[in-house]
Amino acid sequence: MRWSQTLIPTLKEPPADAEIVSHQLLLRAGLCRKLTGGLYTFCPLGLRVLRKVEQIVREEMNRAGALEVLMPALQPPEIWQRSGRYETARDVLYKAKDRSNKEWVLSPTAEEVITTLAASEINSYRQLPLNFYQISVKFRDEIRPRFGLMRAKEFIMKDAYSFDMSDEAAMASYRKMYDAYTRIFARCGLQAFPVEADTGVIGGNYSHEFMVPAETGENEVVYCESGKYAANIEKATSRGPLVPIPTVSTGPAPEKFATPGVVTIDALSQAPYGVPAAAQVKTLIFIADGKPVIVLVRGDDQLNEAKLAGKLGATAFRAAVPEEIVAAMGAKPGSLGAVTSTRKDTAIRVFADEQLRSARGMTTGANEDGFHLRHVDVDRDIRVDVWADLRTVRVDELAIETGLPMKIRRAIEVGHVFKLGTKYSEKLESSFLDVDGQRKPTVMGCYGIGITRTLQAVIEQCHDKDGIVWPMSVAPYQVLLTPLGAAGSATMQLGEELYRQLSEAGIDVLLDDRDERPGFKFKDADLVGIPLRVSVGEKSLAKGEVELKPRGGALQAIRKEEAVAQVIAHVREALKKLS
């Protein structure tokens, strides 16, 4: 391809709304252009990268035995209602109406559609296992699209769905996909690692996210430097806080004391009260499926809402507003507590973090504005309905598995694998007859890769101060041929000859045939990041040489023989080293 005959609209400066480096380089290198918030048009260079990522994914899915299909992006809401996600996923669903005023859902994912297909086509254990995948456009109503392709309203995703006879067989399918993902990201040139993850709105009981370390990532990953433990912060557990609950004697009963104007954990820890945050019980009120629930954590801990969501089992939940809190508890935020004898409504369910189990000598709100209770024995004074791990782990806490201190770093999620179990197959009636003639639900797994997000993650991880440094496997072109002269010059004539022979040799080459200054061409070359640059300049040509320069590497001068075959051989050797 000739640069003059394609569209590579490079920019000297990043647009003001491009916050992170990968987003800036997407736009500066002319890979795509923003239509509006969360919607992007891919230009020719960006589309070439996208197709190469797709091809790697397709090859590894096929290698793992998955079957490619293509499902509708326009879906009937009835199947979403049957799965229950018409409500639980309503915040991200795009809905549209046709000329008959019939409602449709624009696909954010396809569990409902593929399970409907399986329900109609799978009947016998002899047909299992099966794994279907597609690469297609998805739609999600992101409340705040940002970071370019990282969080967009429309994006390209590979989603796959496995169907098995048993949990054991489903885990074998899960492992195949897990291994395929490891190969995919390695082939894309990414340093990605799997972490234990929360299953979120998709559901299921076992999942891993594949993360790419990046300071600008939206996810936090908890890990041991030994490499033996890693989890998303929404899933991570530890052996507990580094600061234990103070050993304090417990009185015969909770004692009320005045705390005028004290409505925060920090304020109660200051003089004249001096109650350490670790000795306080933080009381939070949520509304789950329309009903209030009480949630308790230590005063120095932060509630992990993803963990809470998993324990509530609610279709929808949210933090209560002040009016709802007063109605449920009889007091305003800042004076709330769960001590049974002080509660206005003792029927409200109480969820408590495990760190509070058997805690004594604690202080909490008295459910009366301006008052707190001291000498609280949690086991004695609070009726807890559900004990669970509800807290967010912190740096240097010890991993349960290894006993080693844990670190936290930011990362970009590029893939997610789930073991779904029978959640969807039961609701959408996907079943089979086993060897004994008994009808059983299929055991499912689902596996997603953000294709567009992976493209940007490569840029986030593979760049320098001058631009993108593409891995050979996903680079838009292998070679950038840069003659430094005007049309008809000796340098351009040799460039044309090299271009012809490189193309005939099957090498993916872009010829920069623009009538621009050498410095301008070199800056664009570094910006777009094609792995190998071959330059033909007047000075080097006078010495009978052309120049090879790997992107980010050292310049190498090679002799130009009477024929250009030797140049082609050097290019082949350089590409082999870069692959």
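Select cysteine 188 first: its relative accessibility is 0%, so it counts as buried (under 20% relative accessible area with a 1.4 Å probe, protein chains only; exposed is over 50%, partly exposed in between). This is a predicted model, in which local features need pLDDT of at least 70 and side-chain atom pairs count only at pLDDT 80 or more, while totals for chains, interfaces and linings use all residues. Residues are numbered from 1 along each chain as its sequence is written, and side-chain values use heavy atoms, with hydrogens and water left out.

Next, the other cysteines. A search of the whole structure finds zero disulfides (pairs of cysteine sulfur atoms within 2.5 Å). For cysteine 188, the nearest cysteine sulfur, that of cysteine 462, is 10 Å away. Now select cysteine 43 and cysteine 32: their sulfurs are 6.9 Å apart, too far for a bond. Cysteine 43, at 7% relative accessibility, also counts as buried.

Move on to helix α2, residues 44–63 (helices are DSSP runs of H or I, at least four residues; strands are runs of E, at least two; both are numbered from the N terminus). At 1.5 Å times one less than its 20 residues, α2 should span 28 Å, and its end C-alpha atoms, 29 Å apart, agree with this. Buried residues of α2 include Leu45, Val49, Val53, Ile56 and Met61. Glycine 65, which follows α2, has a positive phi near 90°.

Finally, select Lys282, Thr283, Leu284, Gly334 and Leu336, which lie nearest the centre of the second largest pocket among its 23 lining residues. β14 (281–288) gives the largest share of that lining, six residues.

Definitions and conventions: On a 1 Å grid over the protein atoms alone, a cavity is a set of points where a 1.4 Å probe fits but cannot get out, and a pocket is an open set with protein on both sides within 12 Å along at least five of seven lines; lining residues have an atom within 4 Å of a point.
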